[in-house]
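Good morning, and thank you for making time on the agenda. I should like to take you through one model, beginning with a pocket and ending with the sheet.

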Amino acid sequence: MDAEHQALAETYRQAFEPAEYLRYNYSYPRSDFSKEDSFTVWLLKTLHRAFTEGDIKGGVLLDVGSGPTLYQLMAACEIFDKVIMSDFLEANRHELRNWLENNGKCSLDWSPFFKYACKLEGREASAWEEKAARLREVVKDIVHADVHLPQPVSPDVLPPEGADCIVSCFCVDAASLNMATYSRNLGHVVSQLKPGGHLLIKGAVGMTYWCGGPKAKMPMFPFTEAQICQILSENGLSLIRLEIYPLPTKPETTDDGRALYFAKAKKN
């Protein structure tokens, strides 16, 4: 890791605040399930569609860079019996363990997300607790991850051939300050995916910074859609679908992205 990325990692380690990040990004108004075009509705819809098309199967799913969030696994938990969550920060892993242990110490009420995920599956909102229990059942471990390492998570938590599916939301691009590093880091992630396995990845388009807390203004490289497609191809992935979510103009200064992307790809 070069000095610039080491400085980024240190800022992330010292200044990122899970509770503030959740408040910025996953609370009202961004989290408004009454609007079908809201940020969080898009997050859940894209993943629901990806996991219900019938082509993603297997026994083990790895979530790289889970952060302090759960939404990315609400569709996956109905397909996979073993899910490994991971993150660079102990603070995020602690937040996830609080939810997993159901100890009442979570920084965000995830029930609206579970209820909307149930709606997408054609179930009553009242089934959300059953769905939450299912996710707690299939999450088998929460481990350290670092996408700058050739193996972002310890290989002993995965089968020898790798994971059947990898999900990574707002992680690889946030850890990469240029094209070359993004391609290298994505290659590290893809190395832990078995041949024929699927990668589901979300990130930002045209974003130069985002905030992980009052003192955590994190720089980013403003990737374009074409650059994202190029990087996926460079790392032996066949793109199945790329979806773009234009971000509305907003008065707050938690980020300056013009859009988000979601890519579904298959390892060659």
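A definition comes first: lining residues are those with an atom within 4 Å of a point of the pocket, and the helices I shall name are DSSP runs of at least four residues, numbered from the N terminus. Please bear in mind throughout that this is a predicted model.

Let us begin with the second largest pocket, whose volume is about 210 Å³. It is lined by 16 residues, and those closest to its centre are Trp-99, Asn-102, Trp-128, Ala-132 and Arg-136. Which helices each supply at least two residues of this lining? They are α4, residues 90-100, α5, residues 111-120, and α6, residues 128-138. The largest share belongs to α6, with 5 residues. By character, the lining comprises 8 nonpolar, 5 polar and 3 charged residues.

Helix α6 also leads us to the sheet. This helix lies across β2, residues 82-87, and β3, and its direction makes an angle of about 60° with β3.

The sheet itself is open and is built from 7 strands with mixed pairing; the order is β3-β2-β1-β4-β5-β9-β8. Its edges are formed by β3, residues 139-144, and β8, residues 237-246; each has a single partner strand, so one side of each lacks a neighbour in the sheet. From one strand to the next, the twist averages 15°.

I now turn to the individual pairings, starting from the β3 edge. Strands β2 and β3 are parallel and share 5 bridges; within this pair, Val-83 has Val-139 of β3 as its bridge partner. Strands β1 and β2 are likewise paired in the parallel sense, over 4 bridges. Next, β1, residues 60-63, pairs in the parallel sense with β4, residues 163-169, over 3 bridges.

Where are the bridge partners of Asp-63 in β2 and in β4? In β2 the partner is Met-85, and in β4 it is Val-167.

Why may β2 be described as largely enclosed by the rest of the structure? Buried here means under 20% relative accessible area. Of the 6 residues of β2, 5 are buried, and the strand is therefore largely enclosed.

Finally, consider helix α7, residues 179-190. This helix lies across β4, β5, β8 and β9, where β5 spans residues 193-205 and β9 spans residues 259-267. Relative to β5, α7 runs at about 140°.

That concludes the presentation; thank you for your attention.

Technical notes. Residues are numbered from 1 along each chain as its sequence is written. This is a predicted model: local features need pLDDT of at least 70, side-chain atom pairs count only at pLDDT 80 or more; totals for chains, interfaces and linings use all residues. Side-chain values use heavy atoms; hydrogens and water are left out. On a 1 Å grid over the protein atoms alone, a cavity is a set of points where a 1.4 Å probe fits but cannot get out, and a pocket is an open set with protein on both sides within 12 Å along at least five of seven lines; lining residues have an atom within 4 Å of a point. Grid points are joined across faces, edges and corners, and a volume is the space filled by probe spheres set on the points. Ala, Val, Leu, Ile, Met, Phe, Trp, Tyr, Cys and Pro count as nonpolar, Asp, Glu, Lys and Arg as charged, and the others, Gly among them, as polar. Two strands pair if DSSP finds at least two bridges between them. Axes are lines fitted to C-alpha atoms, for helices over the stretch in contact, and angles run from 0 to 180 degrees between N-to-C directions. Contact means heavy atoms within 4.5 Å. Buried means under 20% relative accessible area, exposed over 50%, partly exposed in between (1.4 Å probe, protein chains only).
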